Amino acid sequence: MSALLLLGACSSLDPATRQAQADHLASQHGWTRTSLTTPTFTLAAYTPRSSAQVNTLTVYIEGDGLAWINVSTPSLDPTPRDPLALKLALRDQSGQAVYLARPCQFVQANEQRHCEPRYWTSHRFAPEVVDATSIAIDQLKQKSRAAQIRLVGYSGGGAIAALVAAQRNDVIALITVAGNLDHATWTSMHRITPLHGSLNAINVTARLQPIPQHHYVGEKDEIISSAIARVYLNRFSAPRPQLTVVPGFDHHCCWESIWPSLVEKNFDLPNVTK
C-alpha cells in the first residue's frame, strides 16, 4: 500500500501527467489546447474547438499552480495539479469563454522560454508576466473577433487579471475567485518572504475604479482570507467593488458547484465606457 501511495504522489508531480489530465478534461468538453507566443513566454490556452465570433470574450486566468514542493523547495514546473480556473471555464455555458494558463504551465519542453522558478515564486506578478498575459489575451480576442473582454482570475490569477485590466481599455468586468489582491498583506499574514519582484494589484486601484468588479472568497479559505479582499476594497472610493464571502467554501472547494449560477449573475454587470 505504501508503495502505491508513493507512486500516486510521484505521478501527481509529473508535469506530463498533469498536462495529460488537463488535455483530457478539456477534450471531454470539446476544448483543445493551443500555444500563444509572446516576446517573453509561450503561454498555453484552452479554447473551444469550434470558435464562433463573440462580442465579449471571457478569459479565465489560472492560479499560481504548483509553485512550491515544500516550504523551502520551489517546483521545477508550476503546472497545477488541480487547474480550478480551467474547470470554471468549462462550466461557463455562455459560449464565449476561453482559458489562459500562467507562464510555464502546460507548456511543452520546447516552449519553456524563461521558465525560471522566480516566475512562479518571487516574480509571479512581474511586469513581464503581466505584459505577456495581455499580449496573449490580444491573440485570443483577435481569434474570436471580440470587441471587449471580461477577466476572471483564480487565486494568483486574480492578481494578474487586475494588473492586466489596469493597463487595458477593453475590460468591461473583473471577477476574481479567492484572488490575491494584495500580496503584501498576504505574505505578512502568512509570515512568508515578500514577493519583491512582483507588481501588486492594490497599487493600481485608481485605474481599476471605473471597471465593475465582483470578488468571491470562501469563508473557510485559510490561504486567501476575506481580510485581504477587504484591504483591497478599502482603496476604492464609492461605489466600491462587490465582495461576496461564500459560507462553507475554502480555497478549492466548492467553486465548480455554484459557478454556472455565478456566471449568470456576473454577466449582468453593467458595461463601462472609458
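1. Let me start with a pair of charged residues that sit inside the protein: R168 is buried, and D170 is buried too. Their side chains come together in a salt bridge, with 2.8 Å from N to O. Please keep in mind as you read on that this is a predicted model.

2. D170 has a further partner. The side chain of K141 also meets D170 in a salt bridge, at 2.7 Å from N to O. This pair ties together distant parts of the chain, since K141 belongs to helix α4 while D170 lies in the loop between α5 (156-166) and β8 (171-177), 29 residues apart. Buried or exposed, what are K141 and D170? Both K141 and D170 are buried.

3. Taken together, these contacts form part of a group: D138, K141, R168 and D170 are joined into one network by salt bridges that share partners. As general background, side chains of opposite charge can pair when their charged atoms come close.

4. How many salt bridges does a search of the whole structure find? The search gives nine. One of the others worth a look is K87 with D82, where the closest N and O atoms are 2.6 Å apart. Here the setting is partly exposed: K87 has a relative accessibility of 23%, and D82 has a relative accessible area of 31%. Both values fall between the 20% and 50% cut-offs, so neither residue counts as buried or as exposed.

5. Now to the nonpolar interior. The largest nonpolar core holds 48 residues, and those touching the most other members are L57, V59, L100, L151, L174, L208 and Y232. At least two residues of this core come from each of β2, β3 (56-61), β6, α4, β7 (148-154), α5, β8 and α8 (226-233). Which element gives the largest share? That is α5, with eight residues.

6. L100 is a good residue to centre your viewer on. With neighbours within four places in sequence set aside, its contacts include L36, L43, A44, A45, V59, Y60 and I61. L100 is also in contact with E62, T133, A136, I137 and L140. There is a second, separate core as well, made up of 29 residues, with A26, Y99, I175 and W255 among them. In soluble globular proteins, nonpolar side chains tend to be buried together.

7. If you are interested in open space, the largest pocket has about 880 Å³ of it. Two elements give two or more residues to its lining, β4 (68-70) and α6 (183-190), and the largest share, three residues, is from β4. The lining has 31 residues, with D64, G65, A67, W68 and R124 nearest the centre of the pocket. By class, the lining of the largest pocket comprises 13 nonpolar, 12 polar and six charged residues.

8. The second largest pocket has a volume of about 310 Å³. Its lining is formed by 19 residues, and P48, S50, G95, Q96 and A97 are the ones nearest its centre. Elements that give two or more residues to this lining are β2 (42-48), β6 (97-100) and α4 (127-144). Of these, α4 gives the most, with three residues. The lining of the second largest pocket divides into nine nonpolar, eight polar and two charged residues.

9. A last pointer, on α4: this helix carries K141 of the buried pair with D170, supplies at least two residues of the largest nonpolar core, and gives the most to the lining of the second largest pocket.

Terms used. Residues are numbered from 1 along each chain as its sequence is written. This is a predicted model: local features need pLDDT of at least 70, side-chain atom pairs count only at pLDDT 80 or more; totals for chains, interfaces and linings use all residues. Side-chain values use heavy atoms; hydrogens and water are left out. On a 1 Å grid over the protein atoms alone, a cavity is a set of points where a 1.4 Å probe fits but cannot get out, and a pocket is an open set with protein on both sides within 12 Å along at least five of seven lines; lining residues have an atom within 4 Å of a point. Grid points are joined across faces, edges and corners, and a volume is the space filled by probe spheres set on the points. Helices (H or I, at least four residues) and strands (E, at least two) are DSSP runs, numbered from the N terminus. Ala, Val, Leu, Ile, Met, Phe, Trp, Tyr, Cys and Pro count as nonpolar, Asp, Glu, Lys and Arg as charged, and the others, Gly among them, as polar. A salt bridge is a side-chain nitrogen of Lys or Arg within 4 Å of a carboxyl oxygen of Asp or Glu. Buried means under 20% relative accessible area, exposed over 50%, partly exposed in between (1.4 Å probe, protein chains only). A nonpolar core is a set of buried Ala, Val, Leu, Ile, Met, Phe, Trp, Tyr and Cys residues joined through side-chain atoms within 4.5 Å. Contact means heavy atoms within 4.5 Å.
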